[in-house]
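Consider where empty space is left within and around a protein chain, and which residues border it. The text below goes through a pocket, the cavities and a surface patch in turn.

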Amino acid sequence: MGANTTYLSHLCHVNNEPEVVMETFSPQVLSIAATSFVMFQCLFHFISPWISAQFCPGYHRLGPRHSIEWNSRTVSTVHAIIVGLFCIYILLFDDAVNEDPVWGNPSLVKKNVAITCGYLLSDLLLICFYWQAIGDKFFVIHHLAALYAYYYVLSIGMLPYFANFRLVAELSTPCVNQRWFLEVLGYPKKSFPNMANGVAMTASFFVVRIAVMPLYYSRMYAVYGTEPFYRVTVGGRCAWIGPSFCLDIMNVMWMHKMARGCISVLRSPGKGKVETLQNGKVH
């Protein structure tokens with residue numbers, strides 16, 4: 001069966017009741033995730049250290065712990081740019097997913113989510129191996145919860161629009177990482193690069209995490225209670241609805257902190273400070 005019909009074959013009728021048929025991961029999804037994992041490992045261990053040493057003199061002055069976190073954040077930035085731009089493309093041009101946000105043909109979304117799963121597995125391995133430098137229980141929990149949610153997208157193909165929409169938030173990550181780069185290189189908080197990045201960080205966070213909430217929840221409300229909605233497994237709904245509200249509550253709290261810091265910077269550059277999250281990472 002073709003890609004356009006595979007995702008429609010999830011229903012069978014037992015006693016006249018619709019039942020979702022669980023599927024295994026396709027070879028294409030597994031190969032993309034595996035390739036992503038290997039590429040991000042190579043980026044961390046080889047590409048980032050070499051490029052950083054060639055083009056950033058301050059990299060040589062970093063201690064072992066900061067060098068590890070530097071390379072980790074480089075990987076995070078590259079992943080965020082790749083996946084974020086792919087998300088925008090899907091939102092603009094993938095008519096099947098936009099027309100049917102619950103069961104639309106998920107082929108492109110699966111590719112993007114597979115890239116992210118490869119990154120999450122790679123980052124989990126690095127976090128565990130370099131726990132003293134970049135270990136963080138919050139990110140272990142976050143990565144495992146994300147992998148659980150993406151399981152339903154990759155195996156069954158459900159909720160492709162909402163999975164893709166959530167990944168758009170990755171576009172706020174580069175500015176967050178850039179703030180850490182500037183700080184570890186010794187740029188003063190009131191320096192122009194730090195101030196400009198702080199404003200960009202706050203603006204990007206607002207655009208991709210706060211301003212998009214009405215659109216996200218209006219689509220959720222539109223499908224809630226419909227026949228396609230009830231075809232979603234209980235586990236799929238638990239991985240979708242509850243975490244969405246929890247994550248956005250945290251996004252609003254973080255946005256409030258960032259906005260206060262940004263306003264402080266604009267009013268008094270010599271005293272202002274744009275706040276970041278623990279470890280300076282946002283997911």
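**Pocket, cavities and a surface patch**

In this predicted model, 33 residues line the largest pocket, and H142, A146, A149, P243 and L247 are the ones nearest its centre. The space in this pocket comes to about 730 Å³. Four helices each supply at least two residues of its lining: α5 (107-129), α7 (137-155), α8 (160-167) and α13 (234-267). The most is given by α7, with 10 residues. By class, the lining of the largest pocket holds 23 nonpolar, seven polar and three charged residues.

Enclosed space is a separate matter. The model has three cavities of 30 Å³ or more, and the largest cavity has a volume of about 70 Å³. Its lining is made up of F165, R166, A169, V208, R209, V212, M213, Y216, Y217, D248 and N251. Two or more of these residues come from each of α8, α10 (192-210), α11 (213-223) and α13. Here α11 gives the most, with three residues. The lining of the largest cavity divides into seven nonpolar, one polar and three charged residues. Both α8 and α13 thus appear in the lining of the largest pocket and in that of the largest cavity.

On the surface, F46, I47, W50, I51 and F55 make a nonpolar patch of about 600 Å². Of these residues, W50 lies in helix α2 (residues 27-55). Is W50 buried or exposed? W50 counts as exposed because its relative accessibility is 54%, and the cut-off for exposed is over 50%.

Methods: Residues are numbered from 1 along each chain as its sequence is written. This is a predicted model: local features need pLDDT of at least 70, side-chain atom pairs count only at pLDDT 80 or more; totals for chains, interfaces and linings use all residues. Side-chain values use heavy atoms; hydrogens and water are left out. On a 1 Å grid over the protein atoms alone, a cavity is a set of points where a 1.4 Å probe fits but cannot get out, and a pocket is an open set with protein on both sides within 12 Å along at least five of seven lines; lining residues have an atom within 4 Å of a point. Grid points are joined across faces, edges and corners, and a volume is the space filled by probe spheres set on the points. Ala, Val, Leu, Ile, Met, Phe, Trp, Tyr, Cys and Pro count as nonpolar, Asp, Glu, Lys and Arg as charged, and the others, Gly among them, as polar. Patches are made of residues with over 30% relative accessible area and no salt bridge: like charges are joined within 9 Å, nonpolar side chains (Val, Leu, Ile, Met, Phe, Trp, Tyr) within 5 Å. Accessible areas come from the Shrake-Rupley method with a 1.4 Å probe; for residues, only the protein chains shown count as cover. A salt bridge is a side-chain nitrogen of Lys or Arg within 4 Å of a carboxyl oxygen of Asp or Glu. Buried means under 20% relative accessible area, exposed over 50%, partly exposed in between (1.4 Å probe, protein chains only).
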